Structures are given as C-alpha cells and as structure tokens.
Amino acid sequence: MENLITINLKVNGVAVTKAVEPRTHLVDFLRNELSLTGSHAGCEHGVCGACTVLVDGEIVRGCLTLACQLEGAAVETVEGLTESGAIADLQTAFHQRNALQCGYCTPGMLVCASALINEQPQASREEIREYMSGNYCRCTGYEAIVDAIELTAKNRAAGQELAKVKA
Amino acid sequence: MNAPTPGLKPTTYIGQDIPRPNARRLLAGRGQYVDDLRLPRELHAAFVRSPHAHARIVSINLTEARKAKGVFWCGTGIDVARAVSPWVGTLSHFKGMKSAPQYAVAIERATWQGEAVAVVVAQTRAQAEDAVQLIEVDYQALPAVTDMETALDATTPVIHPELGDNLAFTRGIDTGQVAAAFAGAHVVVEDTFRFGRHTGVCLEPRAITADFNASEQHLTVYLGNQAPHMMRDLFAKHLDLPEAHVRVIARDVGGSFGIKVHVYPDEMAVAGIAKLLGRPIRYAADRLESMSTDIHAREHRVRAKMGVDRDGRIIAIEIDDLTGIGPYSVYPRTSAVEGNQVVNLTGGPYDFKHYLANLKVVFQNKTPTCQYRAVGHPIAVAVTEGLVDHAAQKLGMDPAEFRRLNLIGDDKYPFTSVSGMKFEALSHHACLDKLLGLMDYKALRAEQQALRAKGIYRGIGLAALIEVTNPSALFYGVGGARISAQDGCTLRLEPTGWVTALTGVTEQGQGTEGMIAQVVASIVGIPVEHVRVITGDTDTTPYGGGTWASRGAGIGGEAALQASRELKANILALAGAILTRDPVGLDLRQAQIVDNISGEIVLPLSEAARIGQYRPDTLPREFQPQLSVTRQYGQRDWPFVFTNGIQASYVEVDTDTGFVKLLKHWMVEDCGTIINPLLVDEQLRGGIAQGIGAALFEECLYDSEGQLQNATMADYLVPMAAEMPDMVIGHVATPTRSSELGAKGAGEAGTAGAPAAVMNAINDALAPLKARVTDQPFTPERLLKALGKV
C-alpha cells in the first residue's frame with residue numbers, strides 16, 4: 001500500500017524489520033508477515049484473549065495493538081516461550097490435566113497464565129478465575145485450566161523454596 | 001537365557017487416564033487450523049452480506065470493486081451459481097417437510113441479515129474487504145418474518161411463496177387417552193418455557209481453503225469440519241465433479257460442537273470460485289460473520305403440562321413446541337431434527353403412559369438454525385425437569401424423592417418410551433443415588449434452610465436426562481441423506497512393529513485420536529505410544545460419518561477394536577509361520593510375541609514385522625502375511641444407543657440485583673465402557689459449561705426488523721472462567737451390548753442437562769418468594785421481573 005511504515009522490533013528474540021500498513025494489527029502481523037500462526041484471532045474485539053502475546057513483558061491483545069506501534073518493542077509469542085522453555089512446566093501441567101481440547105485458545109491462555117503466575121504466585125482458585133476471565137475457552141469449562149495453573153504456581157513456589165533452602 | 005524371564009501379562013489402556021498425544025503440538029502453538037495454511041498463488045475471498053433481514057436485490061454494481069487494488073474477481077449469486085448448484089434441506093422420513101432451494105450466494109432476494117449477496121476475490125484479505133465496501137447493492141426492503149408465534153398467521157408474508165406457507169415441518173405424537181388421564185390427575189402443573197436462540201461461538205471461526213487443479217479437475221478442500229466424507233460427497237455433487245476428484249482435509253479444528261457439520265453457503269461459494277478460477281481461494285469468517293451466519297439453535301417456545309396422581313406418580317405429559325428455524329432448512333441434516341428430538345425425548349427418563357406432543361417448525365427471516373451440541377435435548381430436559389420440580393413442589397414432595405418414584409426402574413429394560421424410543425439398558429436410579437451421595441444432598445438441604453433464615457436464597461436443582469448416542473442409519477440415512485452411519489478403521493503394521501491407525505471419525509479436541517490409540521494398543525498388545533492415529537483426510541481414512549451425535553468412541557472405537565482383533569490375529573499367524581508354531585499358543589503383549597500360557601517372550605513384534613515386510617522369502621510359500629486390515633462398524637441393534645445421567649446445580653440468587661451465582665455443579669452419567677476417564681470427564685465439564693451459557697447468558701437478540709443486535713463477543717455473553725463453578729463428575733457404567741467395546745457417547749449429556757439443573761436451582765431459591773422463571777437465559781432482569789422488583 002501507499003503508506004507503509006517501517007518498524008524495527010524483536011520477536012521472540014530475533015530482530016525483525018518490516019514495512020507494514022498502518023492498519024495492520026499485531027496478530028495479523030505475526031501470523032501473516034512472520035508466519036507465527038500460534039496466536040489466533042478469535043473475536044477481533046479484545047474480548048476472547050486468543051491473540052494474547054507479551055510486549056515488553058506485559059500481556060497485550062494482538063487484535064487491539066497495531067504493528068506500527070511496536071517500534072523498538074520486544075514481542076514474545078507462544079512459539080518463543082515454547083522454544084525458550086519458559087512455560088514448559090505450564091505446558092506439561094496443561095497436557096497432563098487435559099486443560100485444552102481444540103487448542104485454539106491455548107496459546108493465548110498459556111501466555112496469560114504465565115503472566116498470572118509471575119504476578120501472583122500465590123493466587124487462589126478464585127483469583128486465577130478472575131485473572132483468566134479475559135480468555136475464552138468454549139471446550140473445557142475452565143476447571144482443568146484453573147487446576148493446571150494452580151498446580152504450576154504451587155510447583156514453582158515449592159521449587160523456589162527448595163532453591164532457597166539449598167542456597 | 002539364564003535368569004528366568006518374568007512372563008508378560010496382557011495390559012489394557014481402556015479405562016486409563018492418558019493425556020492426549022496430539023495436545024502437545026497445540027500447546028506449542030503448532031496446531032494446523034485451516035487459516036494457518038498458506039498455499040502458493042492463493043487468493044482471499046470476502047463477502048458482501050445483506051444488511052436487511054428480507055430484501056429484494058434490485059441491482060448490484062461491481063464496477064468500482066473490479067477496479068480496486070489487488071482485486072482478481074468479483075461476482076454475484078448468478079456468477080457463483082455457474083459453479084455451484086442449489087440444494088434443498090429436507091429428509092424424506094420427515095413426512096411433509098419442505099424447504100426452498102438455497103443458493104451459495106443469494107439471487108434476487110436476501111432472506112436473513114448476513115446472507116451473502118456478492119463476493120470479492122483479491123490478493124489479500126484486506127484488499128478483498130476494501131473492495132467489498134465499493135460494491136453498491138440496491139435493496140428493496142421487504143417485510144421481515146421474525147416472530148415465530150405469528151409466522152403462520154394469514155396476514156404474515158410467506159417467505160417462499162412457492163411453499164404456500166411458512167410451515168417447514170409438523171409432527172404429532174398421541175398415545176391416546178391423554179385428556180382422560182389429565183382429567184383424572186390429582187395435580188396438574190402447567191408452564192410455558194421459552195428458550196433463547198443461541199449459537200456455538202467456536203473460538204476458531206469457520207474457515208476454508210479450496211484449491212482446484214484444473215489440469216486434473218481435482219478439488220482439494222481444507223475445511224474445519226466434523227464430517228469430511230459427507231462434505232466430499234456434497235462438494236462433488238454441487239460442483240459437478242466425480243466424488244473421486246474431491247479431497248477434503250480437516251486438520252486441527254478449533255471447536256465445532258455441531259456448528260461445523262453443515263453446508264454453509266459461503267464455503268460452497270469459495271469452493272465453486274476455486275473451480276471457476278483454478279486457484280486456491282481462502283476464506284475465514286470474521287466474528288461478525290460467525291455470529292450472523294454460523295447456524296443458530298434452540299429458539300423454542302414450549303407450552304407444557306404434567307398430571308400426577310395422589311402418590312406423586314406421573315400420569316401424563318402434554319407439550320406444544322413451536323420453533324423458528326430461519327428462512328431455509330439447513331442442508332443436509334435439516335433444521336427439523338431439533339424439534340423432532342424435543343418431542344421424542346420429552347419425558348424420556350420417566351415411566352408413564354400418556355403423552356401428547358405437537359411440533360411446529362416455522363420459517364422466519366433470521367439466521368438459519370440447525371444441530372448444535374445436544375440437539376433438542378436441552379429443551380426436552382428443561383421442559384420435563386421443570387414440570388417435575390413444579391409438580392413435586394405442588395405436592396410438597398422432595399424433588400429427589402419425586403424422581404425416585406418416577407424414574408424408569410433400573411430393572412425394567414429393555415424399555416420403550418411413550419414416544420417410541422427404545423432403551424437398551426439405563427441406570428437412572430443408580431445415577432440418582434450416586435449423585436445424592438456425591439453432593440451430600442441432605443447436608444446441602446440443611447445448609448440451604450439455615451441460610452434462608454438469614455435472608456440468603458440458595459437453591460438446589462436436579463435434572464435427569466437421556467442422551468441419543470451411537471446412532472444407526474435411522475438418524476439420517478433412512479431419510480435419503482448421504483451421511484454415513486458407519487465408520488471404518490484401517491490398521492497398518494509398520495516394519496518397526498508400530499501401528500498406524502486411520503479412522504473415519506474425526507478430532508476436534510475431544511480426544512478421538514487418543515481414544516483410538518488406547519483401543520488399538522490394548523487390543524493389538526503394544527504400548528500406546530507405538531500407535532499413530534490419522535484422522536480427517538478423505539484420501540487416506542476409511543469412509544465414515546465422522547464425529548457427531550456422540551458417535552466417535554461408540555462407532556469409531558468399535559471399528560478400531562474389530563480391526564485390532566484382526567490385525568493381532570494376522571500378526572500371530574505371521575509369528576507362527578516364522579516360529580513354525582501353532583499361532584493358537586501365541587499372544588501379543590507389550591510389543592512381544594509371547595507364549596500365551598507362560599507369558600514367556602518368544603519373538604519381538606519388531607522382528608516379526610521386519611520379517612513380514614522384508615523377508616517373506618523365509619516363510620512358507622503359501623503364507624502371505626496380511627499386515628494391513630480394515631474393519632467397518634455400524635450400530636445395527638437399536639435406532640440409537642441411549643445413555644442416561646443426572647445433574648445437580650447449587651446456586652445463590654441475589655434477590656436485590658437478580659444475579660445468580662453458581663456455587664457448584666455435579667453430574668453422574670452412564671456412557672457404558674469408559675476408554676479414557678480424563679477425556680470423558682472434560683467432555684462432560686465442557687458440555688455443562690455450554691449448558692450453563694444457555695441458562696444464564698447466551699441469546700442472539702433480534703429486533704422486530706430481524707436485525708441481530710449483539711453479534712460481537714463483547715455483546716453476546718458466554719461463560720468465562722470467573723462465572724463457572726467447579727464441577728464434580730461421577731460415573732455408573734452400563735456397557736452397551738450392541739458392540740464388543742461397550743462404549744456409548746458422552747459428548748452431549750453435559751449440555752443436555754445443565755440448563756434444566758440451573759433453572760430448577762434458581763426456582764428452588766426463589767420458591768419462598770413465590771417467584772418462578774421459565775424463560776432462558778435467566779438474566780438478572782428476568783429474575784427481578786419474576787420477583788416483582790422491576
């Protein structure tokens with residue numbers, strides 16, 4: 001198009017330079033320009049959370065963020081978090097507990113849940129439900145997701161306690 | 001061998017909680033949903049959709065759109081009709097049923113808000129959408145038929161004049177002597193139940209990529225769908241291609257719930273345009289399009305009454321069901337099935353004699369409705385269980401005791417219901433007992449009473465249910481629909497001793513692939529991780545119905561079991577030939593050929609497979625190893641293999657705000673043999689959540705002009721994590737004897753019973769205030785109205 005804007009950013013630790021249309025949403029940029037198809041567009045209104053990614057460590061909605069806003073930003077998606085191993089325990093807990101069925105919400109759910117565990121490591125089930133209530137899942141009824149997040153948070157806390165004792 | 005080898009024992013994975021192997025790629029963001037796919041030279045489609053519920057299309061001007069950047073092709077309904085023939089959604093066993101021919105893109109007239117009237121194909125989706133804005137359509141608005149109550153009035157316009165009226169289908173059931181039974185009843189309760197039209201809201205919108213290769217006249221369709229073989233047949237028929245020239249591939253599907261098992265006009269249009277242009281065409285519905293063009297469901301008004309005798313025994317039930325289905329009956333399953341299920345299933349769990357039911361299915365200018373998870377069940381269960389609680393209340397009986405008195409006895413099977421449904425073996429009383437124990441019913445009642453004294457209004461609601469599963473050909477095939485009632489499983493012994501399983505049933509996250517792997521591994525005798533399962537490709541999998549009506553485990557699982565038996569026998573025959581032993585004395589356990597008495601290992605399976613594939617020259621000349629097998633299975637003993645279950649909901653109603661807080665939910669159900677309890681429990685929980693959505697939140701709201709008012713996920717409410725309670729699941733197992741596996745379906749029972757349980761819980765909470773609600777969803781406004789506060 002006529003008015004392309006060039007942006008320089010890091011996506012999953014890799015430097016990216018691309019010319020984008022001003023109207024391009026972050027989720028479309030990731031999916032169409034970078035083939036990072038793990039993040040999904042679900043509602044296009046910021047309600048369902050399927051496009052949740054990290055921008056400079058904060059969770060954002062990829063359907064409410066424009067790619068051209070991201071000059072100099074560091075974006076992390078489910079693909080990057082998977083490859084770095086940052087959410088491996090959470091992914092294992094989701095798998096063991098069957099906290100996903102169709103899997104379409106899962107990347108956004110994992111990104112949001114990892115932020116929750118970092119921010120509120122002691123979250124109660126009710127607090128987990130509240131924090132995750134911007135992420136829609138039509139398949140599970142959420143209980144298994146809450147279980148998996150609760151277990152991961154507890155395991156991480158126990159691991160940190162153990163590390164303290166050893167230190 | 002010096003040390004004695006401990007003999008291997010048979011192992012089974014049936015009944016084990018095994019996480020699904022295919023979930024790992026989804027957790028890594030490596031799913032392959034249709035819109036994740038990119039093909040060389042692909043183009044993107046976008047549709048112009050009618051803003052009117054009913055309008056004559058006077059003219060369409062494509063001139064400006066054709067000039068727009070990136071645009072490759074534009075067309076109207078007539079252009080698309082050159083490639084796609086119209087269809088009529090009727091079934092011949094629904095006597096008198098009628099519908100009108102439906103085109104992929106509307107010609108002359110749009111009949112609901114959201115119906116496609118023109119289409120643009122461009123190099124990017126954004127360019128296609130830009131060009132859609134440049135298409136000028138001159139509409140002449142026509143009166144919209146929206147209210148189903150007046151759809152049949154003489155003064156109401158007839159949507160399809162050639163049909164004569166707006167009646168799509170009507171059916172009655174009369175056991176006789178119903179009026180007399182009511183006359184003799186001690187208590188008669190009456191209610192009118194209304195059900196909000198709602199929709200499936202799959203998180204992945206419908207999506208298709210159709211690729212036509214003109215040189216071979218071959219169409220490949222990547223489609224998020226539950227029934228690839230059915231779609232293959234229909235693409236072939238309506239695009240005028242030999243069926244063998246069509247391949248349908250359904251990889252990962254982002255939720256379906258019955259939404260993705262129908263023919264959608266825009267999907268047919270995309271396939272047709274691919275054929276016209278000889279290029280891959282992509283289309284994914286956006287959320288607005290999903291809300292206004294995915295099938296809707298469950299817009300019903302049911303007037304109902306129940307008569308009971310002095311002891312509390314049900315004598316008679318009478319219902320009048322009116323349902324509005326939009327302007328066309330959806331192809332090929334029809335939009336009459338839902339209402340038909342309502343009249344078939346109402347009263348289903350109970351032992352009574354007199355039943356009168358009337359069903360009217362009418363056309364209207366709203367989004368077409370069709371089968372969505374638990375088709376008709378949530379309506380039948382809410383009507384029945386609402387009447388049951390109402391009658392118990394009027395008699396002063398405890399609702400659990402009322403059910404104990406009236407549920408069909410566990411020793412009364414086989415049993416035929418008042419509507420003619422045949423039940424092989426159900427376990428209502430065992431389930432009720434287990435449920436009451438799980439929820440500690442007496443303690444809960446005591447807590448409820450104690451809190452009432454403090455002005456806290458809590459309620460307990462029960463809902464017994466039956467569920468149609470493992471359907472025979474009597475569901476669709478008998479009515480002329482080319483929807484397979486059977487499924488096949490092909491097993492291939494690889495040279496490594498691993499097994500590849502190809503199945504006609506499909507995966508949308510419920511765990512089909514894991515379930516098939518567990519059956520195959522158990523029966524063949526290999527570790528479950530040695531089984532790889534392939535689904536969703538008409539070029540490779542055996543022909544079959546796919547996944548709907550809770551048939552995946554019951555039908556697909558049994559086909560896998562029978563194929564596994566045969567493969568195992570073939571493997572043992574091969575081992576016998578290799579070992580020059582009678583195969584009768586051999587068994588296959590944990591990937592080892594063993595002596596079937598001692599369990600002693602005599603040959604690794606991998607070695608037998610190697611010899612069978614690469615060194616058959618070492619075997620007797622007349623012995624040909626058979627290392628691939630296929631078995632088909634269709635359920636032939638019953639029209640449907642019914643399951644049963646019962647749910648309970650515990651709620652607290654805020655009588656000042658009308659808000660309902662769900663405190664807890666319980667369910668006990670009987671789906672026969674359980675292959676993977678982890679997967680079954682999560683099917684039930686997910687199903688309950690969808691039922692709760694119907695009960696409290698979900699409704700497609702239309703104005704009187706047929707305009708959908710809440711077609712975004714910000715406006716159409718669905719259950720989110722914060723609203724959902726924890727759910728306790730229990731099981732009773734009565735395997736079906738119609739198959740060796742004994743599995744019945746479990747996919748829909750959660751959705752079937754949850755709305756009734758929540759409704760009864762709310763009404764139990766409101767009972768001391770003499771208030772009662774029967775219109776779903778039970779919004780705060782409706783509760784406050786019932787309480788006389790607004």
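This section describes the domains, the chain contact, the nonpolar core and selected sheets of a predicted model containing chains A and B.

Chain A comprises two domains, domain 1 spanning residues 5–77 and domain 2 spanning residues 87–166. Taken over C-alpha atoms, the centres of domain 1 of chain A and domain 2 of chain A are separated by 23 Å. Contact between these two domains involves 12 residues of domain 1 of chain A and 10 residues of domain 2 of chain A. On the side of domain 1 of chain A that touches domain 2 of chain A, strand β3 (residues 52–55) of chain A gives the most, with 3 residues. The residues on that side of domain 1 of chain A divide into 6 nonpolar and 6 polar, with no charged residues.

The contact between the chains takes 41 residues from chain A and 42 residues from chain B. Several helical and other elements of chain A can be named here: α2 (78–84), α3 (88–97), α4 (106–119), α5 (125–131) and α6 (143–166) each supply at least two residues of the side of chain A that touches chain B. By class, that side of chain A has 18 nonpolar, 17 polar and 6 charged residues.

The largest nonpolar core has 319 residues. Those with the most contacts inside this core are A:Ile145, B:Ala45, B:Val119, B:Val120, B:Ile273, B:Ala501 and B:Val520. Helix α15 (residues 552–579) of chain B gives the most to the core, with 13 residues. When neighbours within four places in sequence are left aside, B:Val119 is in contact with B:Ala45, B:Phe47, B:Gly75, B:Val80, B:Val105, B:Ala269 and B:Ile273.

Chain B is divided into three domains, each assembled from separate segments of the sequence: domain 1 (23–30 + 486–634), domain 2 (34–142 + 205–253 + 259–293) and domain 3 (296–474 + 637–786). A distance of 39 Å lies between the C-alpha centres of domain 1 of chain B and domain 3 of chain B. In their contact, domain 1 of chain B takes part with 16 residues and domain 3 of chain B with 21 residues. On the side of domain 1 of chain B that touches domain 3 of chain B, the elements giving two or more residues are α14 (512–524) and α15 of chain B. Of these, α15(B) gives the most, with 6 residues. This side of domain 1 of chain B has 6 nonpolar, 8 polar and 2 charged residues.

An open sheet of 5 strands in chain B follows the order β7-β17-β16-β15-β8, with mixed pairing. Strands β7 (167–174) and β8 (187–195) of chain B each have a single partner strand and stand at the edges, so one side of each is left without a neighbour in the sheet. From one strand to the next, the twist averages 5°. Within this sheet, strand β16 (residues 314–324) of chain B and strand β17 (residues 354–362) of chain B pair in the parallel sense over 9 bridges. B:Asp320 has B:Asn358 in β17(B) as its bridge partner. Helix α9 (residues 337–345) of chain B lies across β7, β15 (300–308), β16 and β17 of chain B, and runs at about 170° to β17(B).

A further open sheet, of 4 strands, has the order β23-β22-β21-β27 in chain B, again with mixed pairing. Its edges are formed by β23 (531–534) and β27 (628–634) of chain B; each has a single partner strand, so one side of each is left without a neighbour in the sheet. The twist in this sheet averages 20° from one strand to the next. Strand β21 (residues 486–493) of chain B runs antiparallel to strand β22 (residues 499–503) of chain B, and 5 bridges join them. Here B:Arg492 has B:Thr500 in β22(B) as its bridge partner.

Strand β2 (residues 55–61) of chain B takes part in two antiparallel pairings, with 2 bridges to strand β4 (residues 109–110) of chain B and 6 bridges to strand β6 (residues 136–141) of chain B. B:Arg56 stands opposite B:Arg109 in β4(B) and opposite B:Gln140 in β6(B). Strands β24 (residues 586–589) and β25 (residues 592–595) of chain B are likewise antiparallel and joined by 4 bridges. B:Arg589 stands opposite B:Gln592 in β25(B). Strands β24(B) and β25(B) form a hairpin with 2 residues between them, and B:Gln590 in the turn has a positive phi of about 50°.

Technical notes: Residues are numbered from 1 along each chain as its sequence is written. Chains are lettered from A and ligands numbered from 1 in the order in which they are written. This is a predicted model: local features need pLDDT of at least 70, side-chain atom pairs count only at pLDDT 80 or more; totals for chains, interfaces and linings use all residues. Domain bounds come from an automatic or database domain assignment. Two residues are in contact if their C-beta atoms, placed from the backbone, lie within 7 Å. Ala, Val, Leu, Ile, Met, Phe, Trp, Tyr, Cys and Pro count as nonpolar, Asp, Glu, Lys and Arg as charged, and the others, Gly among them, as polar. A nonpolar core is a set of buried Ala, Val, Leu, Ile, Met, Phe, Trp, Tyr and Cys residues joined through C-beta atoms within 7 Å. A residue is buried if 20 or more other C-beta atoms lie within 10 Å of its own, exposed if 12 or fewer, and partly exposed in between; C-beta atoms are placed from the backbone. Two strands pair if DSSP finds at least two bridges between them. Axes are lines fitted to C-alpha atoms, for helices over the stretch in contact, and angles run from 0 to 180 degrees between N-to-C directions.
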